[in-house]
Structures are given as structure tokens and as C-alpha cells.
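Biologist: Please take me through the aromatic pairs of this model and the terms applied to them.

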Amino acid sequence: MNDLLETWLPNVSMIWPEVWDATYETLYMVIVGAVIGYAIGLVLGLLLLLTRRGGLTQNVIVYNILDKIVNIVRSIPFIILMALLVGVTRVIVGTSIGTEAMIVPIVGATVPFYARQVENALLEIDPGLVEAAKASGLGTLDIIWRVYLREGRVPIIRVSALSFINVVAFSAMAGVVGGGGLGNLAIIRGYNRFQSDVTLVATLIILVIVFVSQLICNLLAKRLQH
């Protein structure tokens, strides 16, 4: 087996510890970035849903402000967003390079995208359910919990799966500019040194991470549907 790996993956076989370290760094950036980004994005998505025209707490001014902020940040390419957030990253983390530092721009890019996905997902909920909850005397927080979040569990899981792909892509781009991880390994070690097997293995590991995340989300969504 070792001989086969050395034949087909000559460069990778010499740097397996680096490959596993890069995989850990990617998983760290992705999981921490997704958890923080999803938490903030969920709150922002609910605010967009509640303050939009016809929402439970309709406020056109607040909605327009949040809507414009989300659209503007979503329109900024991630690599430029990283540069824009260098100062913020240094304040929060103490440095602008490294795995932990890259979590800040990853969260910054994830929040507006996920918030918009959550808003659109919850808009699919039958308005009749919301009206029935209001008629029964439930308050805004109760409606959010018992109607939007409970009835919207499956759509939220599906948009979370979609957003996770973006988070993985962000982590790969972050790696190229000093964030470490598989993106850094694929470009700095694989591409720049013409070690195509390193780039191939890094890409395959990223694909495995994405496929596993999609599988988990699909299974969870199917279970909640029954």
C-alpha cells in the first residue's frame, strides 16, 4: 500500500503530517466560522423577515437599512472583504494572519449570505399558520419559536447545507492569503511547486468535507420531515 502511494502520490507521501494539519485547520475555520456566522445570520434573517412589509413587526426604515447592508456586503468579493476587514480582524484576534484571524472575514461573508437564505426560506411558511398563531393570542417571540423556527426547520437545514459550501470555499481562499488549511496547501505547496498530486489530494479532501456535510444535512432534513 505504501509503495502504491509513493508511486501515485510521491510528494504527498512525504508530507502526510502537513496534510492532516491542513485538514484540521480547514475544519477549524469552517466549523467555527459556520457556527458563529449561522448564529448571527439567523438573527439577522429573522429581523429581515419581521421588519419587512407585512411582517410581524413591520418597520420599512429598519428593513431597508438592513436590506441594503446585506446586499452591499454580499456583493463584495471575499478576497477584497478580507482586505477591508484587516483592521477589524487585528482588533478582535490581535493579528491579521493565521487560521484564527481568517475566521473573522469568513464570518463577515457568511452572515449576510445566510441571513438572506434564512429570510427566503421562512417566507415559504404558510402565512395562514402565522395568522392562526396571532389569532390565538401568541406574542411575537412565541410565533418566532413555535411557527417560524419550528415549521421552518427543514428549509433552514437546506439553506444551511447550501451556505456550508460557501463557507468551505471561503476557507480555501483564506488559506491562500495566510490562513493556512487545504487552500494554502493546494496553492503554495501544490501549484507553486508544481506538485500536482498535493493539489489533487487537497481538493479531494475538500470535496469529502462538502459531501459529508451535505449528506448529514440531507439525512437530518428527511428525518425532521417525518
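The following exchange sets values against definitions.

Modeller: This is a predicted model, in which local features need pLDDT of at least 70, side-chain atom pairs count only at pLDDT 80 or more, and totals for chains, interfaces and linings use all residues. Residues are numbered from 1 along each chain as its sequence is written, and side-chain values use heavy atoms, with hydrogens and water left out.

Biologist: How many aromatic pairs does a search of the whole structure find?

Modeller: The search finds four. Rings of Phe, Tyr and Trp (its six-membered ring) pair if their centres lie within 6.5 Å; planes under 30 degrees apart count as stacked, over 60 as edge-to-face and the rest as tilted. One of the pairs is Y24 with Y28, with centres 6.3 Å apart and 25° between the planes, and it is therefore stacked.

Biologist: Why is Y24 called exposed?

Modeller: Exposed means over 50% relative accessible area, buried under 20%, and partly exposed in between (1.4 Å probe, protein chains only). Y24 has 57% relative accessibility, so Y24 counts as exposed, whereas Y28, at 28%, counts as partly exposed. Both tyrosines lie in helix α2 (residues 16-51), four residues apart, about one turn of the helix; helices are DSSP runs (H or I, at least four residues), numbered from the N terminus.

Biologist: What makes F78 and F170 a stacked pair?

Modeller: Their centres are 4.6 Å apart with 20° between the planes, so the pair meets both limits. F78 lies in helix α4 (residues 78-84) and F170 in helix α9 (residues 153-179), so the pair ties together parts 92 residues apart in sequence. Both F78 and F170 are buried.

Definitions and conventions. Helix = DSSP H or I, 4+ residues; strand = E, 2+ residues; numbered from the N terminus.
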